[in-house]
Amino acid sequence: MSEIFLGLGANGDRQVLRLGRANRHGLIAGATGTGKTVTLQTIAEQFSAAGVPVFLADVKGDLSGIAMPGSPQFKNAAILEERAKELGMTDYAYSDNPAVFWDIYGEQGHPVRTTISEMGPLLLSRLMDLNDTQEGVLNVVFRFADEQGLLLLDLEDLQAMLAFTAEHASELSTKYGNVTKASVGTIQRQLLALDSQGAAQFFGEPALEIADFITCDEQGRGYINVLAADKLMRSPKLYATFLLWLLSELFEALPEVGDPDKPRLVFFFDEAHLLFDDAPGALQDKVEQVVRLVRSKGVGVYFVTQNPIDIPEKIAGQLGNRVQHALRAFTPRDKRAIKAAAETFRINPELDVEAAITELKVGEALVSTLNDDGSPSVVQRTLVAPPRSRLGPVTPKERAIVQSISPVEGKYDNRVDRESAEEVLAAKAADAAATAQEVAEKGEETVRKEARKSPGLWDGIGGKVAKAAAGAAAGSAGAILAQTMQGKKSRANPQASAASAAAGTVGDALGRAIGFPGLGRFARNLIGGLMR
């Protein structure tokens, strides 16, 4: 199978999407009720049959039916069967597709999580709608946490770091630039608002492994990863930021493959306008960069939206395969959208594209895809092929069955909470309170002579060594625990990690003192090798 059958053009030619050109991205557009979702389902299930894994967001809750075969008893079955006959699909038969259900909230599928560190300050700033000054402060928080070896895994860790930043604003300002309590306070308020939207469930461990999105079943069919997004759509910024993060992770994790015979993964971005609404220029540039470069990683990105002008021009220019359903010319903006959509197609002298866009019936579309030589095909008015899977949602019982046979069943369902920034800072705060109590009881002079309960974040060599050793041991042990819970083996040695981290810290400090700045790396490698 080297192509996906989209339908028959008005001239009788088969309209196909070539798998070798499917990583050139695409657009599915059209007004509400014109058949975009059905077209998406048709294309997604054919990608799966060709062995290409798919990710799609189920915004309205009805795409979950892609996991089940259609049936003559279901609504609209007669229409689908009649369309198949009209298109000459002699092999048309109802069939299911291998699917995995995901849900950020963990209610309708496996939980999807990432860590605060993996999300990064840029996307978090977008999520919290921070201005440039506040984003700068957030960058300071991340930089300081990284230098001190404090893990930022969940919202609690970030909240603890922000509280610490406000308390030590003057010290941090001296090293990193101006940090004000007012800016920190604004970020804290935005973080609380984010928490109230349920974002806390998105941040934590075990974090999603991208490889779990790129798998096939025993028959060689690509798994269709369906994200339950009906509830997520109530928090549009979280939805858009999550999908942008996922694209970025794919870009960073996958190796370069050039132009494969078929994509490694196809990504359908429904309600695509949410990514660009009120987005700053820097973020749009990031989206353009990822979309442009992820092609060579073998990933195809397909934007699904009501109005084609929702997609910025510099990104729309990257979309080689286009399926345009009907648009309605009720407003001046609608008329501009129709004109813009018509101008993007390769001219067909036998078709008035602007008029056709307003006349298309449900299940009809204007189609233009890339030829084998990379040139766009002449636009054709096309009857779109029907899907073979169910049109409509699965039942709760069916969803539970699909979940029970999922290839990642049990891997992400239980949250892992290992020692991170919140616990470390809480321990130091508890020690400070205990010391204050001792001072009140014994006097300052007596307490000064006693050993410190824990090293401070601003200590010299001794404090850094203790922090590095404890942090490395906790991190390695936590990772092993998480992998054990996921049924995976690990060769990590927490004692070796702690020892090498501590040795590196000592080496760095001594190296600066004696003029040998590379001593830390040398010591870390030496100790790490001896502990294997």
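Start by selecting strands β4 (residues 54–58) and β8: they run parallel and three bridges join them. For a close-up of this pairing, show F55, which stands opposite F267 in β8. Keep in mind as you go that this is a predicted model.

Next, move to the other pairing of β8. Select strand β9 (residues 299–305), which pairs with β8 in the parallel sense over six bridges. Here, display F268 and Y302: the β8 residue F268 stands opposite Y302 in β9.

Now stay on β8 itself, residues 265–270, and turn on the side chains. Which residues point one way from β8, and which the other way? L265, F267 and F269 point one way, while V266, F268 and D270 point the other way. In a regular strand the side chains alternate between the two faces of the sheet. Colour the strand by accessibility and you will find that six of its six residues are buried.

From here, hop to the loops. Select H25, in the loop between β2 (14–18) and β3 (26–29). Its phi is near 70°, a positive value in a residue other than glycine. Is H25 buried or exposed? H25 is buried, because its relative accessible area of 2% falls under the 20% cut-off.

Compare that stop with D129, in the loop between α3 (116–128) and α4 (132–147). The phi of D129 is near 60°, again positive in a non-glycine residue. D129 counts as exposed, at 54% relative accessibility.

For your last stop, select E205 and P206 and look at the backbone: the peptide bond from E205 to P206 is cis, with omega near 0°. You will find P206 in the loop between α7 (181–196) and β7 (224–228).

Technical notes: Residues numbered from 1 in each chain as written. Predicted model: local features only at pLDDT ≥ 70, side-chain atom pairs only at ≥ 80, totals over all residues. Heavy atoms only, no water. Buried < 20%, exposed > 50% of the residue type's maximum accessible area, 1.4 Å probe, protein only. Helix = DSSP H or I, 4+ residues; strand = E, 2+ residues; numbered from the N terminus. Pairing = 2+ DSSP bridges.
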